[in-house]
Amino acid sequence: MKKRDKQPEKIMLYSQRTSGENVNAALDFVKGNWRCWLKYITVFTLPFCIILGMAVDIYIDQMINDGILGELDFFGSVSAMSIYVVALAIVCAVTIALLKIHQQRENGLDGITIKELWPVLRQCLIRIIPSALFASVVIVPLYIFLNVILLFVLPGIGLIVSYCMVLPVLMIPIVYLYESKTEFRESISRGFKLGFSQIIRLGLVGFLILIVSLMAGGALSILYALVMVIKEELFNGYDFMSTLMDLFTHVMCVADTLVMMLGVSINVLAVAFHYGSVATEKDDASLEVEISNFEKL
């Protein structure tokens, strides 16, 4: 009974908010459901984090030992990028699935089991595939092209301009995952429409979440760099200690990758709350959801 009294207040998605309030809503969601959020993000992304973390650690170790940039063949680069895209897609799907269940259940995520999560997550995983392919084939090359062009045309602010132009794309998977009756083509146009209509607010949301992610990941990165220096300067040549430090750096790299995925999840939450705010302002989506829920009853 005492546990029920401490249950956090449900945060409604479709509600008008400012940029700061959207970020606060995302952080409040994590704070109020951190056990469930951390558990399922870790469970579904840890295998990918282990592979990516160890690949990065080996690459950095090779760079330090050889004194040059580590070499990674074309197959290795494509494989690592593919794993990274899959991991990001899974993070997005799990995050939206948790948010949808949080909105649908009377007691939020309290006591949620994998059996209750899986039907919603399966639908999100199926619907995230077109978004991941769209990002890999269209958005990533476009972002690289914009950076290269703007680097020469608008040096200094080119990265900011390209960042603002790509930010609305984040709305596409949110719209497609949350509006289950929307076709992917419709979600592209709707995502761009909602994204560009409030691009400054969306940019502020992305910037604030970026700071939070960098603060969390930066601490682990500094610790990782410190351990690498200690290993090379103090334990180089000592087989047992060197092996022990290698194991520790592998774990640190995996942890750093996992923290990055958690940061991506918070970013998805912030953009999702921004979507709910803009959708409420533009087409009164909250009324549509209430009518839909009433019809289900």
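**Group meeting: an all-helix chain**

Asn33 has a relative accessible area of 11%, which is under the 20% cut-off, so Asn33 counts as buried. I start there, and I should say at once that this is a predicted model. Asn33 sits in the loop between helix 2 and helix 3. What does Asn33 touch, once neighbours within four places in sequence are left aside? The contacts are His102 and Leu109. Leu109 is 76 residues away from Asn33 in sequence, yet the two C-alpha atoms are 6.8 Å apart in space.

Now the chain as a whole. It has eleven helices and zero strands. Read from the N terminus, the order of elements is therefore α-α-α-α-α-α-α-α-α-α-α. There are 297 residues, and 41% of them count as buried. The exposed area of the chain is about 16,900 Å², and carbon and sulfur atoms supply 69% of that. For contacts between residues at least 6 apart in sequence, 77% join residues at least 24 apart.

Next, the interior. The largest nonpolar core holds 50 residues, and Ile96 and Tyr275 have the most contacts inside it. Which elements give two or more residues to this core? They are helix 2 (19–32), helix 3 (34–66), helix 4 (74–104), helix 5, helix 7 (171–178), helix 9 (199–234) and helix 10 (239–283). Helix 10 provides the largest share, eleven residues. Apart from this core lies another one, of seven residues, including Ala87, Val91, Val254 and Leu258.

Back to Tyr275. With neighbours within four places in sequence left aside, Tyr275 is in contact with Leu13, Tyr14, Met171, Ile174, Val175, Tyr178, Glu179, Arg190 and Leu194. Several of those names return in helix 7, where Met171, Ile172, Pro173, Ile174, Val175, Tyr176, Leu177 and Tyr178 are buried. Why is helix 7 described as largely enclosed by the rest of the structure? Because eight of its eight residues are buried.

Two other names on the Tyr275 list, Arg190 and Leu194, belong to the buried set of helix 8. That set consists of Phe184, Ser187, Ile188, Arg190, Gly191, Leu194 and Gly195. As general background, an α-helix has 3.6 residues a turn, so residues three or four places apart point the same way. For a check on geometry, helix 8 (residues 184–197) has 14 residues, and at 1.5 Å a residue it should span 20 Å. The end C-alpha atoms are 20 Å apart, which agrees.

One more residue from helix 10 is Ser277. Is Ser277 buried or exposed? Its relative accessibility is 0%, so Ser277 counts as buried. Not counting residues up to four places away in sequence, Ser277 touches Leu13, Ser15, Gln16, Arg17, Asn22 and Arg201. Leu13 is in contact with Tyr275 and is also touched by Ser277.

Last, the surface. A nonpolar patch is formed there by Ile144, Phe145, Val148, Ile149 and Phe152, with about 530 Å² of accessible area together. Phe152 lies in helix 5 (residues 114–153). The relative accessible area of Phe152 is 67%, over the 50% cut-off, so this residue is exposed. Helix 5 thus appears twice in this talk: it gives two or more residues to the largest core, and it holds Phe152 of the patch.

Key
Residues are numbered from 1 along each chain as its sequence is written. This is a predicted model: local features need pLDDT of at least 70, side-chain atom pairs count only at pLDDT 80 or more; totals for chains, interfaces and linings use all residues. Side-chain values use heavy atoms; hydrogens and water are left out. Patches are made of residues with over 30% relative accessible area and no salt bridge: like charges are joined within 9 Å, nonpolar side chains (Val, Leu, Ile, Met, Phe, Trp, Tyr) within 5 Å. Accessible areas come from the Shrake-Rupley method with a 1.4 Å probe; for residues, only the protein chains shown count as cover. A salt bridge is a side-chain nitrogen of Lys or Arg within 4 Å of a carboxyl oxygen of Asp or Glu. Helices (H or I, at least four residues) and strands (E, at least two) are DSSP runs, numbered from the N terminus. Buried means under 20% relative accessible area, exposed over 50%, partly exposed in between (1.4 Å probe, protein chains only). The expected span of a helix is 1.5 Å times one less than its number of residues. A nonpolar core is a set of buried Ala, Val, Leu, Ile, Met, Phe, Trp, Tyr and Cys residues joined through side-chain atoms within 4.5 Å. Contact means heavy atoms within 4.5 Å.
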